[in-house]
Amino acid sequence: MKILSGIQPSGKLHIGNYFGMMQPMINYMDKGELYAFIVNLHALTTVTDSKALARDTLEAAADFLALGLDPDRCIFWVQSDVPEVTELTWILSNLSPMGLLERCHSFKDKIAKGIAPSHGLFSYPVLMAADILLYQADIVPVGKDQKQHLEVARDIAIKFNNSYGETFVVPESAIEENVATVPGLDGQKMSKSYGNTIGIFLDAKELKKRVMAIVTDAAPVEAPKDPDKCNLFNIFKLFAPANRVKEVHDLYVNGGAAYGYLKLELVDLLWEYFRSAREKREKLCADPAYLRAVLAKGAEKAREKATVTLDLVREKVGLKY
Ligand code: ADP
Ligand code: TRP
């Protein structure tokens, strides 16, 4: 089974990204042939700072490796290092009805946010379809927001197969329904666009500042409180061992939960939780040549797979003469 997923190199990772995307993706290494890549061509649709894009691409690679992705047990590369994907995008563009793309929420949401409606932004889902179909992926784990893009990829695959004969695997999405949404400092979904995140790799001082800023109610320590409604508890339970979660849960219910102390405990828990990843990441970031070598090797493996599909596609559509 081939499992494929891409992530945008969009800056500093937060604990929502970790539980929602990185951890599930890393776990997929044990479940099949994993294709994991950094989608810098997609990022071009919104990022115009070239230095930031280059830096964030390398940092995203360091993040993944530090958190446990093993490049020997998966194919891990940067999207633009396999240029076959852009040729396939063009070919698929001709089977992508305007109406299908016009209905995509993500395009509409982005222009509503003020992003200029470029052709790249509009055809984002076609590039994503090419990403998936080029590697003949069976399963694509994505967040709910990407479900529609998966539908587009399936539609295009089916249309191609009907027009030119069986060529592509029609991919299935694996929506991570059971992955809880991690709340942010203010209790809304943690998201960089809300400015309510706790970064995974903050320095000690900044980490403490963020955790102390978690919003709690004004109930006194001895008052009984509902743990499930408290975003401090909801974050705390992701990091504390089960017996401590139970103890703190009981303190909430029976009275005695002191937010200030729990926050300090959470700072320590977070620091320890990501300690070895942080140390690994520091070493990786100090050795960009190593990171580039890992990515180059990954791209080579990916490209081997990509050329097989693209060769077939060229033949099917009449580009071989
Ligand atoms: P952000 O909302 O901070 O911009 P992205 O949209 O770049 O984050 O999300 C990248 C990945 O992280 C997606 O797969 C998304 O589902 C996951 N993710 C983001 N925020 C959360 C969260 N608060 N809880 C769970 N998963 C999240
Ligand atoms: N659009 C996805 C996102 O923003 C990223 C992505 C690009 C992707 N190509 C992909 C995800 C292929 C899965 C498969 O999260």
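**Exercise 1. Size up the second largest pocket and say which residues sit closest to its centre.**

Start with the volume: the second largest pocket comes to about 220 Å³. A pocket here is an open set of points on a 1 Å grid over the protein atoms alone, where a 1.4 Å probe fits, with protein on both sides within 12 Å along at least five of seven lines. Points are joined across faces, edges and corners, and the volume is the space filled by probe spheres set on them.

Next, the lining, meaning residues with an atom within 4 Å of a point. There are 15 of these, and Lys12, Leu13, Gly199, Ile200 and Leu202 are the closest to the centre. By class, the lining splits into five nonpolar, four polar and six charged residues. For these classes, Ala, Val, Leu, Ile, Met, Phe, Trp, Tyr, Cys and Pro are nonpolar, Asp, Glu, Lys and Arg are charged, and the others, Gly among them, are polar.

A word on the ground rules: this is a predicted model, with local features needing pLDDT of at least 70 and side-chain atom pairs pLDDT 80 or more, while totals for chains, interfaces and linings use all residues. Residues count from 1 along each chain as its sequence is written, chains are lettered from A and ligands numbered from 1 in the order written, and side-chain values use heavy atoms, without hydrogens and water.

**Exercise 2. Work out which protein atoms make polar contacts with ligand 1.**

First, list the neighbours (a heavy atom within 4 Å): among them are His14, Asn17, Met190 and Ser191. The shell has four nonpolar, six polar and two charged residues.

Now look for N or O pairs within 3.5 Å. Side-chain polar atoms of Asn17 and Ser191 lie 3.1 Å and 2.8 Å from oxygen atoms of the ligand. Met190 joins in through its backbone, with a polar atom 2.9 Å from a ligand nitrogen. The protein covers 78% of the 540 Å² of accessible area that ligand 1 has on its own (Shrake-Rupley, 1.4 Å probe).

**Exercise 3. Find the element that gives the most residues to the shell around ligand 2.**

Pick out the DSSP runs (helices of at least four residues, strands of at least two): E1 (2–7), H8 (124–134) and E4 (139–142) each supply at least two shell residues. H8 wins with four.

Then check the polar contacts. Tyr124 reaches a ligand nitrogen at 2.7 Å with a polar side-chain atom, and Gln146 does so at 2.9 Å. Gln8 has a polar side-chain atom 3.4 Å from a ligand oxygen. Alone, ligand 2 exposes 370 Å², of which the protein buries 89%.

How values were computed
Polar contact = N/O pair within 3.5 Å; in protein donor to acceptor, adjacent residues only side chain to side chain.
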